[in-house]
Amino acid sequence: MKTTIDFFVPGFSKCGTTTLFTVLNNHPGIFIPEFKEPNYFGASPSAKKSAWFESLYEGAKKDQLKGDCSTFYSSIFLEDSASKAMFANNPDAKLIFIARDPIERIESSFREMHNSAPKFGLNTPFRLEDALIEMPQIIEDTSYFLRQQPHKKLFGEENVLVIFLEDLQTRTSVVADRCYAFLGAGKHIYTANTLPHMNRGEEKLYDSRLFRRIRCHPVFGIWLSKI
């Protein structure tokens, strides 16, 4: 692959990575594809997939830093293979992780499991306590320190920055400036009036048993998805 990624935002899921993506892309010296999570590294390579990934960065200018914000790179399922593939692409890459209150992340992840899991043939339990038992990744992916270790082992602690969603929300320009400086992107003032809160977990509703059956139905589910 010809494209060298300068930095990654590999985690953590449901911690405000989409919001951070918007803040980082506000810097004129940074380019992150609109397709924010290509999940390229660590997956099975193919010529077609590589060509698609390369095409995401065709709009990048020569002097822009290229980033990849795929949170799956810090999941328990992909962290080892992803970190090795990322390192092979660029051993000098910088990594930014964004964390949040762990209880809020677990609740948000539970909502996401209700929203998205049926697309992958998974049926999330309707009670949180059951989901935590049947889907241990909800808790494992909230073990922020452990999820960083495969990446820190390869890239070194000096190339890893951890920020917190709560800080980004209350001190947006300060945290944004810290990220820009860490990436070596140069000084830039984040000028947006308000911090965008995107991909809100609270906007994703829990399934009821009836609603789950309808939206997983091969006919009714297709019509429901269009509404």
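**Exercise 1.** Is Glu104 buried, partly exposed or exposed?

*Solution.* Begin with the basis of the values. The model is predicted, so that local features need pLDDT of at least 70 and side-chain atom pairs count only at pLDDT 80 or more, while totals for chains, interfaces and linings use all residues. Residues are numbered from 1 along each chain as its sequence is written, and side-chain values use heavy atoms, with hydrogens and water left out.

Step 1. Locate the residue: Glu104 lies in helix H4 (residues 102-116). Helices (H or I, at least four residues) and strands (E, at least two) are DSSP runs numbered from the N terminus.

Step 2. Apply the cut-offs: buried means under 20% relative accessible area, exposed over 50%, and partly exposed in between, with a 1.4 Å probe and protein chains only. Glu104 is partly exposed because its relative accessible area is 42%.

Step 3. Consider a partner distant in sequence. Cys15 is 89 residues away from Glu104 in sequence, yet the two C-alpha atoms are 8.8 Å apart in space.

**Exercise 2.** State how many helices and strands the protein has, and what share of its residues is buried.

*Solution.* Step 1. The protein contains 11 helices and five strands.

Step 2. Of its 227 residues, 47% are buried.

Step 3. Contact means heavy atoms within 4.5 Å. Among contacts with a separation of 6 or more, 74% join residues 24 or more positions apart.

**Exercise 3.** Describe the surroundings of Val9.

*Solution.* Step 1. Val9 belongs to strand S1. With a relative accessibility of 0%, Val9 counts as buried.

Step 2. Set aside the neighbours within four places in sequence; the contacts of Val9 are then Thr17, Leu20, Leu24, Asp68, Cys69, Ser70, Thr71 and Ile96.

Step 3. Ser74 is 65 residues from Val9 in sequence, and their C-alpha atoms are 9.3 Å apart in space.

**Exercise 4.** Identify the unusual backbone values at Phe12, Lys14 and Asn39.

*Solution.* Step 1. Recall the general expectation: most residues other than glycine have a negative phi, and most peptide bonds are trans.

Step 2. The peptide bond from Gly11 to Phe12 is cis, with omega near 5°. Phe12 is placed in the loop between strand S1 (7-11) and H1.

Step 3. Lys14, although not a glycine, has a positive phi of about 60°. Lys14 also sits in the loop between S1 and H1, and its relative accessible area of 13% makes it buried.

Step 4. Asn39, likewise not a glycine, has a positive phi of about 50°. Its loop runs between strand S2 (30-31) and helix H2 (47-55), and at 28% relative accessibility Asn39 is partly exposed.

**Exercise 5.** Characterise the packing of helix H1 against helix H9.

*Solution.* Step 1. The axes of H1 (residues 17-25) and H9 (residues 172-183) come within 10 Å and cross at roughly 65°. Axes are lines fitted to C-alpha atoms, for helices over the stretch in contact, and angles run from 0 to 180 degrees between N-to-C directions.

Step 2. H1 is therefore roughly perpendicular to H9. Angles under 35 degrees count as roughly parallel, over 145 as roughly antiparallel, 65 to 115 as roughly perpendicular and the rest as oblique.

Step 3. H1 contributes Leu20, Val23 and Leu24 to the contact, and H9 contributes Ala176, Cys179, Tyr180 and Leu183.

Step 4. By class, this contact has seven nonpolar, no polar and no charged residues. Ala, Val, Leu, Ile, Met, Phe, Trp, Tyr, Cys and Pro count as nonpolar, Asp, Glu, Lys and Arg as charged, and the others, Gly among them, as polar.

**Exercise 6.** Determine which residues of helix H3 are buried, and how H3 packs against H7.

*Solution.* Step 1. In H3 (residues 79-89), the buried residues are Glu79, Ala82, Ser83, Met86 and Asn89. They lie on the same side of H3 because they cover an arc of only 125° around the axis, the arc being that of the directions from the helix axis to the C-beta atoms.

Step 2. The face turned away from this buried side carries the exposed residues Lys84 and Ala88.

Step 3. The buried residues of H3 pack against S1, strand S4 (94-99) and helix H7 (144-155).

Step 4. The axes of H3 and H7 are 9 Å apart, at an angle of about 25°; the two helices are therefore roughly parallel.

Step 5. Glu79, Asp80, Ser83, Lys84, Met86 and Phe87 of H3 meet Leu146, Arg147, Pro150, His151, Leu154 and Phe155 of H7. This contact comprises six nonpolar, two polar and four charged residues.
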